[in-house]
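Welcome! Here is a short briefing for anyone about to look at the ligand sites of this model.

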Amino acid sequence: MDRKVVILGAQWGDEGKGKIVDLLSENFDTVVRYQGGSNAGHTVIAGGEKLILHLLPTGILHPHVKGVIAQGMVVDLEVLEKEINTLNSRGIDISERLLISDRAHLVLPYHKVLDRLFESKGGIGTTLRGIGPAYMFKVGRKGIRLSDLADEKRLTELIEENVAFVKDLCEKVFCQKFDLSPQRIGEGITRIYERIKDNITDASRILLKDRGKTLFEGAQGTMLDVDMGTYPFVTSSNSSSLGLSNGTGLSPKFFSDASIIGVAKAYTTRVGSGPFPTELEGEEGERLREMGGEYGSTTGRPRRCGWLDLISLKFASDLNHFDGLIITKLDVLDSFDEIKVCVGYEIEGQRVEHFPSSLSLMESARPIYETLKGWKSSTKGISDPSHLPAEAKEYIRFIEEFTGVPVIMLSTGPKREEYLWLREMPLTKATCL
Ligand code: GDP
Ligand code: IMO
Ligand code: MG
């Protein structure tokens with residue numbers, strides 16, 4: 001049976017998408033990453049082992065699953081090779097199950113140099129993985145695609161041209177030393193290319209032809225979307241549902257029967273700079289960070305923490321047309337006497353109940369909270385809905401009512417088996433209880 005499910009971050013990334021995609025993948029034939037690159041860090045804890053995947057689709061850990069790196073991604077071949085090696089060392093062979101789009105663009109060492117340079121001049125707190133510059137080169141028609149790797153002469157010319165450009169920019173504009181050798185860059189990627197060349201293909205044609213049960217694994221989160229997020233404090237791809245079509249190379253009609261599921265933490269976190277109205281800077285923020293282990297999966301940076309922001313979650317729900325929500329890290333709130341949720345912003349003395357697009361308005365937004373009673377008992381590892389404390393059920397009901405989206409699953413711990421279904425995976429937009 002043909003089936004499509006899309007898993008998207010509903011906040012500012014790190015919502016626990018990796019864990020959810022991993023546990024759902026058992027029932028899918030194919031899992032597709034289609035935007036972003038190694039800025040993502042998707043954590044899976046299964047069989048007592050922890051793995052963080054940056055480029056490979058999380059579902060590929062299941063031996064029957066085909067993994068696709070689709071055309072909207074920017075691929076750092078060194079990271080990819082490391083990830084393949086890590087899986088090999090754990091006895092997971094993906095050589096026959098990995099498809100990489102020949103239209104995907106490369107992230108090259110000079111993109112990382114530029115990322116660092118731009119960050120040093122009033123940056124936004126990127127992951128320094130070269131993502132923004134790689135997308136800049138793509139849109140500026142200077143990018144190098146995986147299909148270019150097959151033509152050594154063309155590849156050499158493209159790298160030389162790019163390196164000369166970046167060298168001038170670094171040395172003449174920014175007065176910074178630049179000493180990357182185009183030859184060494186070329187040799188590095190050619191070596192890895194030899195290893196993965198049989199995996200490079202026209203992935204969108206295959207997705208269109210093969211169908212089956214396909215899971216689309218979003219990276220980052222809706223509020224980091226380059227068009228719809230808290231611009232300019234965003235990533236450089238469409239990390240909301242807007243990225244599905246261009247990221248896969250498939251018509252919006254292809255996704256018309258997809259279930260689009262948002263993943264949100266029971267509270268909010270953000271790494272890097274940018275507006276975050278419900279951020280808690282004092283002891284409560286520290287407590288959330290420690291209880292939730294809120295340190296970046298890619299960079300190790302402490303994540304900024306705060307209460308659940310229902311205004312941004314409603315914005316994400318409406319924008320993506322979520323059919324269901326999955327709430328993760330419920331267990332992190334177990335010990336709080338009271339739990340606050342943001343139900344409005346105060347902006348310029350007015351109560352506002354939508355997410356403004358203007359950065360200056362966002363920066364001045366103050367949260368308006370409603371306070372709910374904490375449940376003060378452990379939900380860790382609960383897998384039976386009847387074991388949920390009444391206050392936790394009330395918390396979930398509040399989220400459903402505010403967003404208008406049914407919460408279909410709760411995650412109650414980092415391990416693969418720590419979750420519970422509240423409803424079936426919706427085929428079409430379900431109604432709230
Ligand atoms: P992703 O980028 O959305 O895949 O999320 P990350 O992997 O970057 O960060 C989520 C973190 O929360 C990881 O350390 C997960 O192991 C952890 N995690 C996921 N779900 C839960 C949960 O329900 N409870 C707890 N305590 N931790 C969770
Ligand atoms: P996953 O998929 C959280 C953030 C960075 C920075 C901004 C731009 O694990 O949820 P970039 O390196 O993309 O140019 O940085 O976006 N960011 C993420 N935050 N989770 C992620 O991915 C992120 N990927 C990028 O911290 O604020
Ligand atoms: Mg992450």
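What follows covers confidence and then the two ligands in turn. Keep in mind that this is a predicted model. Ligand 2 sits in the largest pocket, and ligand 1 sits in the second largest pocket.

**Confidence**
- The average pLDDT of the chain is 95, and 98% of the residues reach at least 70.
- Please take care with residues 428–433, where pLDDT stays under 50; the model has 13 contacts beyond four places in sequence for this stretch.

**Ligand 2**
- Around ligand 2 there are 20 residues, and the closest are Asp 14, Lys 17, His 42, Thr 127 and Thr 235.
- By class, this shell holds seven nonpolar, ten polar and three charged residues.
- Asp 14 places a backbone N or O atom 2.8 Å from an oxygen atom of ligand 2.
- Two side chains also reach oxygen atoms of ligand 2: His 42 has an N or O atom at 2.7 Å, and Thr 127 has a polar atom at 2.6 Å.
- On its own ligand 2 exposes 550 Å², of which the protein buries 98%.

**Ligand 1**
- The surroundings of ligand 1 comprise 19 residues, with Lys 17, Gly 18, Thr 43, Ser 297 and Ser 411 the closest.
- Backbone atoms meet oxygen atoms of ligand 1 in two places: a polar atom of Lys 17 lies at 2.7 Å, and an N or O atom of Gly 413 lies at 3.0 Å.
- The side chain of Asp 331 has an N or O atom 2.8 Å from a nitrogen atom of ligand 1.
- Ligand 1 alone has 580 Å² of accessible area, and the protein covers 93% of that.
- Lys 17 is listed among the closest residues for ligand 2 and for ligand 1.

Methods
Residues numbered from 1 in each chain as written. Chains lettered and ligands numbered in written order. Predicted model: local features only at pLDDT ≥ 70, side-chain atom pairs only at ≥ 80, totals over all residues. Heavy atoms only, no water. Near = heavy atom within 4 Å. Polar contact = N/O pair within 3.5 Å; in protein donor to acceptor, adjacent residues only side chain to side chain. Areas by Shrake-Rupley, 256 points an atom, 1.4 Å probe, with all protein chains shown as cover. 1 Å grid on protein atoms, 1.4 Å probe; cavity = no way out; pocket = protein on both sides within 12 Å on 5 of 7 lines; lining within 4 Å. Sits in = over half its atoms within 2 Å of the grid points. Nonpolar A, V, L, I, M, F, W, Y, C, P; charged D, E, K, R; others polar. pLDDT = per-residue confidence, 0-100. Contact = heavy atoms within 4.5 Å.
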